[in-house]
Structures are given as C-alpha cells and as structure tokens.
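Please walk through the fold of this protein, starting from its sheet and ending with its charged pairs.

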Amino acid sequence: MSVGLLDSKVQKRDMKKKGENTKADFWMGEKYAIVGVSDKKGKFGNTVFKELRKRGYRVFPVNQELELFEGRQCYKKLSEIVDQLDGVIIIAGPGGAKKAIRGCLNLGIKRVWLYPGSKCGEAIDLAKQGGIELIYGVCPLLYLEPVKFPHSLHRWIVRVLGRL
C-alpha cells in the first residue's frame with residue numbers, strides 16, 4: 001500500500017472517530033453532479049467543479065441555462081445524466097435546491113450536500129422525508145481531503161470555534 005493511500009485511510013479513520021462519518025463518507029465515490037455551476041467567473045459551484053476535476057473525480061455540471069460548462073456538456077437536470085451518481089452537491093438558490101432535491105428523490109440518489117447559501121427549509125424537509133443522507137450548513141471543500149488553502153484556513157477557524 002502506498003504511503004499516500006495509507007495517509008488517506010488514516011485521515012478518514014480519524015475523521016470517523018470525531019463523528020464525521022457522513023461528511024467523510026460523502027467523498028468515497030467517483031461520480032458527482034454539481035447543481036448550480038455558472039457562466040459567471042468566481043461562483044462557488046465553479047470552484048467546487050474545478051477542484052473535484054483536479055482530484056480525478058468524474059463531475060457532471062448541471063444548470064438549466066447552459067449548454068456547455070468548461071468545454072463539457074452541461075445538463076439541464078439531473079435526470080439527463082446517464083451515469084449512476086455517488087452524490088450531488090447543490091449550490092443553487094432555495095427554489096433550485098427544492099427542484100434538485102426532488103430530482104434526487106426521483107432518481108434514488110441518497111447522498112446530497114446542500115451548500116450553506118442553498119439552505120432551504122422545504123428542501124431539507126423533503127430530503128429527510130425521502131431518506132436522503134443530507135449534509136448542509138457547511139462548505140463541502142472543508143471535508144475534501146486533503147483540505148487545501150484557503151479552505152484549510154477556513155476549516156481551522158471553524159474547528160477553533162467548535163463548529164467542525
């Protein structure tokens with residue numbers, strides 16, 4: 001076993017000791033959809049998309065207004081993606097979040113990360129009632145190991161404040 005893989009397994013084990021099972025386990029898959037990529041530079045959905053691609057994940061951009069994103073097909077809705085997804089990250093407004101949660105329920109997707117800016121009580125309730133393993137209220141990049149700057153600084157601050 002390579003040292004990098006061993007380090008990764010140790011980090012995941014240590015996170016589980018702290019009660020972070022769902023957040024650590026979210027990243028165990030290979031294929032993720034990002035609902036809320038944008039043609040506007042600097043948007044967080046774009047940042048998450050690019051970071052996952054850099055790390056070798058298969059990432060499917062979703063935005064009903066775009067044909068292409070980063071030179072790749074952009075899907076109008078989750079149901080257009082033919083691959084079985086390991087998770088969905090929602091970075092959209094409350095209306096988009098509800099719509100995406102409904103799409104996840106219809107497709108049987110069980111792991112969803114709702115970005116803090118996408119938090120919507122109705123979407124959260126729908127997800128919980130549908131048995132989705134929902135993570136919300138925290139940035140997904142704080143848990144994508146190894147956590148890189150500036151997210152490592154953000155994670156450190158959150159940890160110091162006792163919110164991690």
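What follows describes a predicted model, taking the sheet, the cores and the salt bridges in turn.

The sheet is open and has five strands, arranged in the order β2-β1-β5-β6-β7 with parallel pairing. Its edges are β2, residues 58–62, and β7, residues 133–136, each of which pairs on one side only. On average, neighbouring strands are turned by 20° against each other, with direction ignored. Strands of a sheet pair through backbone hydrogen bonds, in either a parallel or an antiparallel sense.

Strand β1 has β2 and β5 as its neighbours in this order. With β5 (residues 87–90), β1 (residues 31–35) runs parallel and is joined by four bridges. In this pairing A33 has V88 of β5 as its bridge partner. Helix α3, residues 44–54, packs on the sheet and touches β1, β2 and β5, and its direction makes about 165° with that of β1. Towards the edge, β1 pairs with β2 over five bridges, also in the parallel sense. Here K31 stands opposite R58 of β2. The chain reaches β2 from β1 by way of α3, and this β-α-β crossover is right-handed.

How much of edge strand β2 is buried? Four of its five residues are, which leaves the strand mostly covered. R58, which lies in β2, is partly exposed, with a relative accessible area of 41%.

The nonpolar interior comes next. In soluble globular proteins, nonpolar side chains tend to be buried together. In this model the largest nonpolar core has 25 residues, and W27, I34, V48, L52, I89 and W113 have the most contacts inside it. The elements that give two or more residues to this core are β1 and α3. Helix α3 supplies the largest share, four residues. Leaving aside residues up to four places away in sequence, V48 touches I34, I89, I91 and L141. A second core, separate from this one, has 24 residues and includes V35, F60, V62 and L85.

The charged side chains remain. Side chains of opposite charge can pair when their charged atoms come close. The model has nine salt bridges. Among them is the one between R58 and D83, with 2.9 Å from N to O. R58 belongs to strand β2 and D83 to the loop between β4 and β5, so this pair ties together parts that are 25 residues apart in sequence. D83 is partly exposed, at 23% relative accessible area.

Helix α3 also takes part in a salt bridge: K50 pairs with E70, and their closest N and O atoms are 3.6 Å apart. K50 is in α3, whereas E70 is in the loop between β3 (68–69) and β4 (72–73), 20 residues apart, and the pair thus links distant parts of the chain. Are these two residues buried, partly exposed or exposed? K50 is partly exposed, because its relative accessible area is 35%, and E70 is partly exposed at 43%.

A further salt bridge connects two helices. E122 pairs with K98, the closest N and O atoms being 3.5 Å apart. E122 lies in α5 (residues 121–129) and K98 in α4 (residues 94–107), 24 residues apart. Finally, salt bridges that share partners join E51, K54, R55 and K148 into one network.

Key. Residues numbered from 1 in each chain as written. Predicted model: local features only at pLDDT ≥ 70, side-chain atom pairs only at ≥ 80, totals over all residues. Heavy atoms only, no water. Pairing = 2+ DSSP bridges. Axes fitted to C-alpha atoms, helices over the stretch in contact; angles between N-to-C directions. Contact = heavy atoms within 4.5 Å. Core = buried A, V, L, I, M, F, W, Y, C linked by side-chain atoms within 4.5 Å. Buried < 20%, exposed > 50% of the residue type's maximum accessible area, 1.4 Å probe, protein only. Right-handed = clockwise from strand over helix to strand, strands pointing away. Salt bridge = Lys/Arg side-chain N within 4 Å of Asp/Glu carboxyl O.
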